[in-house]
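Visitor: I am new to this structure and should like to understand its charged side chains. Would you kindly guide me through them?

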Amino acid sequence: MGILTAIARRQHEHRQRTADRLTAVLDSGLLPAELAEMGLYYRAKAYKDLSLNDAARAGMQQVADSGGRYAPRAQRGLANLARLSGDFPTALAAVPTLGWKGRHHRVLGDIRWSQGDTGRAVAAFEAGRAEAEQHSAAGERAMMQVRLALAVSFADPVRADDELVLAHQLLDGLDQRSNTLLAQVVALIKDAGTGDVTTRALSLQADIEAAGLPFLHRFVELALAFHHAVRGEDQDLVVTIGRLRELTVSGDFAYFVDIAHFMAGLPLPAAIRWTESEEHVRSAWRRKVQARQEHLRTGA
């Protein structure tokens, strides 16, 4: 199977199968340099989706060092991997070097929402969506819209409804399985505090497993942590945090464990390098839970 076919099929098969296909083609040694660079980049992306982040970092670094066409994308990948490891200052410092090709607005928005900074996250994703429109990049525009909906979903469930409608419109006709599943996570967060979130989460976990996108399990557990914190379900929250710890034992996405503690007002030893003070981030996430509780209580 050729490398272009392997890349094209990645949205329709388990990511491990994609990684194996790309490895087989790369190991043949028959690819010209540009196609080899493409294969290395997309294999590194597959490794990231499989939570094999040491392999992902090695691949991204190799592509970034090559200085070729995919180097800006690899630089973005390295910035994202820094964020996933909890090194937010390093990720933030990389943003000015990325530009459009490195999807600077996307990287910045992911940093901001993770720290509970909804306003600046939304501004970054809106800028990224506008830039994608200027470049006629339909896939990137849809991706930015899903992330915008994600940032909004914790803070404003009413607006999140509208943003999700647009996200599904932009995803229609595109092969973006991970973003389609992420949009379903957004719907869980938007509905946190209501009765059927846990049941829907279990169904979504099965879809994520079948898609071979294990990194999304962390997002579902974060949605459940928010749900249980809003409902004051302390024991369920403890169980959810335990699952999050197991899912982030490698260190990647470990800041989701911190966020879950912040949501519930639970103490936690400092471990993550935030760009703001830990107390600032803690307060931001706790306020989101309190605001959702008030919204459910008053309907306003």
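Guide: A residue counts as buried under 20% relative accessible area, as exposed over 50%, and as partly exposed in between. The model is a predicted one.

Visitor: Is Arg 297 buried or exposed?

Guide: The relative accessible area of Arg 297 is 59%. The cut-off for the upper class is over 50%, so Arg 297 is exposed.

Visitor: Which residue forms a salt bridge with Arg 297?

Guide: The partner lies in helix 16, three residues from Arg 297, about one turn of the helix. This partner is partly exposed, with a relative accessible area of 36%. The closest N and O atoms of the pair are 2.5 Å apart, and the residue is Glu 294.

Visitor: What separation within helix 16 lies between Glu 278 and Arg 282?

Guide: The side chains of Glu 278 and Arg 282 meet in a salt bridge at 3.4 Å, N to O. Glu 278 is partly exposed at 22%, whereas Arg 282 is buried at 15%. Because the two residues are four apart in helix 16 (residues 278-298), their separation is about one helical turn.

Visitor: At what N to O distance do Lys 190 and Asp 191 meet?

Guide: Lys 190 counts as buried at 12% relative accessibility. Asp 191 counts as buried too, at 19%. Their side chains meet in a salt bridge, and the N to O distance is 2.7 Å.

Visitor: How many salt bridges does the structure hold?

Guide: Side chains of opposite charge can pair when their charged atoms come close. Such pairs include Glu 294 with Arg 297 and Lys 190 with Asp 191. The number of salt bridges in the structure is 19.

Key:
Residues are numbered from 1 along each chain as its sequence is written. This is a predicted model: local features need pLDDT of at least 70, side-chain atom pairs count only at pLDDT 80 or more; totals for chains, interfaces and linings use all residues. Side-chain values use heavy atoms; hydrogens and water are left out. A salt bridge is a side-chain nitrogen of Lys or Arg within 4 Å of a carboxyl oxygen of Asp or Glu. Buried means under 20% relative accessible area, exposed over 50%, partly exposed in between (1.4 Å probe, protein chains only).
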